[in-house]
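Hi there,

Here is the structure I promised to pass on to you. Please have a look at it first, and then read my notes below.

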Amino acid sequence: MEEMEGIEDDNHNCRAEPVSACPPAQVCVEPVSACPPAQVCVEPVSVCPPDSDSSSDSCESDSSASSALLLSSSSKFLLNVMTAEEYRMVYWPKLERAIEHLLTQSPMEHISISYEQIYSHVYKCVCQQHSELLYNDLMWKITSHLEQVSSELQASPPEHLIENFNQALTRYTAALHCIVPVFIYMNKFYIETKLNRDLRDDLMKLFSDHVAEKHVSALLPLLKKAHSMPFQVKPSTMASVVKGLYSLRPDWVPLAPALFSRFIPQIDPPALESQLPYYADQDKRLQMELSQKGFSRGDQSRKRASEES
């Protein structure tokens, strides 16, 4: 224990100074504070009497034993280590249920999910060195879901394939708007740092590999046919599907360049002056096709309303 004794300085001001030290053959431990939150800070300080040889060994052994005991109990209490079994049995099932809800909900439907809880579970799993497990489980879960989506599209009638594919892609991208943000901590400290990739890119690639690539050969002929027959498919649906395919795999453009160029700007090479007659011939053919299908150009002999006055 320290006692405070009043001492006067040269200006006759009284100040308190600590007096006393350890009695012989005892261990002094000074507590060390100012630790950052959620960290264990244990730094035992022992002060043994310099003239006591017999008590030196006991001082060191007592200090190391008490330090080990304090470190062991404090680290277990403060760090709250998550084992792989605890991750598998407690945390991942909760995350899996939330992911399932997000993947299957309709864009117009709202399911009550605690995004704060999901984020906190992801944060804890990453901090407890389970990032690789979490990433692999997330990819497995979404891959399993997409394989089911692909099977449902496979059973879809051809006349409904475009619409059903559009719904599947729209629902999936809507789910990613929620999934990617709550897994942002894993993305930043594992995927970007160790894998040099991005979570959203990985998840979009899953849709490309397990859904779009399996149906693109059937989709493109249907899209070409629908484009040649105006309003057979909603223009918004046509645009959504074509733009979606382009965002997934731009290298699919050569499979249907005319179709993609209708919805994606600047895909075609720049026009050349030497090809102007070819462009004019294409325009005439298009006008003839529209005329044969019942689209009239109207009476071209009439003047504009602004010119009649």
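**Helix packing**

The axes of α5 and α7 approach to within 9 Å of each other and cross at roughly 160°. Angles over 145 degrees count as roughly antiparallel, so α5 runs roughly antiparallel to α7. Sorted by type, the residues in the contact of α5 with α7 come to 22 nonpolar, 2 polar and 1 charged. The crossing of α5 and α7 is left-handed.

α7, which covers residues 199-228, has a second partner in helix α8, residues 235-248. Here the axes come within 10 Å and the crossing angle is roughly 135°, and α7 and α8 are therefore oblique to each other. This crossing of α7 and α8 is left-handed. On the α7 side, the residues that meet α8 are M204, F207, S208, A212, L219, L220, L223, A226 and H227. Their counterparts in α8 are M238, V241, V242, L245 and L248. By type, the contact of α7 with α8 holds 12 nonpolar residues, 2 polar ones and no charged ones.

**Two leucines to look at**

If you want places to zoom in, I would start with a leucine in α5 and then go to one in α8.

- L176 is found in helix α5, residues 158-182. Its relative accessibility is 1%, so L176 counts as buried. Leaving out residues up to four places away in sequence, L176 touches P181, R200, L203 and M204. L176 and L199 are 23 residues apart in sequence, and their C-alpha atoms are 9.7 Å apart in space.
- L245 lies in helix α8. With a relative accessibility of 0%, L245 counts as buried. Again leaving out residues up to four places away in sequence, L245 touches F165, A212, L219, L220, L223, W252 and F260. One of these, A212, is 33 residues from L245 along the chain, with 7.4 Å between the two C-alpha atoms.

**Backbone in the loops**

Which residues other than glycine have a positive phi? Two that I noted are Q129 and N196.

Q129 has a phi of about 65° and sits in the loop between α3 (115-127) and α4. The relative accessible area of Q129 is 65%, so this residue is exposed.

For N196, phi is near 55°. N196 lies in the loop between α6 (184-195) and α7, and at 65% relative accessibility N196 counts as exposed.

**How far to trust the model**

Please keep in mind that this is a predicted model. The protein chain averages a pLDDT of 77, and 67% of the residues score at least 70. Which elements have the lowest and the highest mean pLDDT? Helix α1 (residues 56-79) has the lowest, at 44, whereas helix α4 (residues 131-154) has the highest, at 97. Over residues 1-78, pLDDT stays under 50. For that stretch, the model has 58 contacts beyond four places in sequence.

Happy to talk any of this through once you have had a look.

Best wishes

Conventions. Residues are numbered from 1 along each chain as its sequence is written. This is a predicted model: local features need pLDDT of at least 70, side-chain atom pairs count only at pLDDT 80 or more; totals for chains, interfaces and linings use all residues. Side-chain values use heavy atoms; hydrogens and water are left out. Helices (H or I, at least four residues) and strands (E, at least two) are DSSP runs, numbered from the N terminus. Buried means under 20% relative accessible area, exposed over 50%, partly exposed in between (1.4 Å probe, protein chains only). Contact means heavy atoms within 4.5 Å. pLDDT is the predictor's confidence in each residue, from 0 to 100. Axes are lines fitted to C-alpha atoms, for helices over the stretch in contact, and angles run from 0 to 180 degrees between N-to-C directions. Angles under 35 degrees count as roughly parallel, over 145 as roughly antiparallel, 65 to 115 as roughly perpendicular and the rest as oblique. A crossing is left-handed if the near helix is turned anticlockwise from the far one by less than a right angle, and right-handed if clockwise. Ala, Val, Leu, Ile, Met, Phe, Trp, Tyr, Cys and Pro count as nonpolar, Asp, Glu, Lys and Arg as charged, and the others, Gly among them, as polar.
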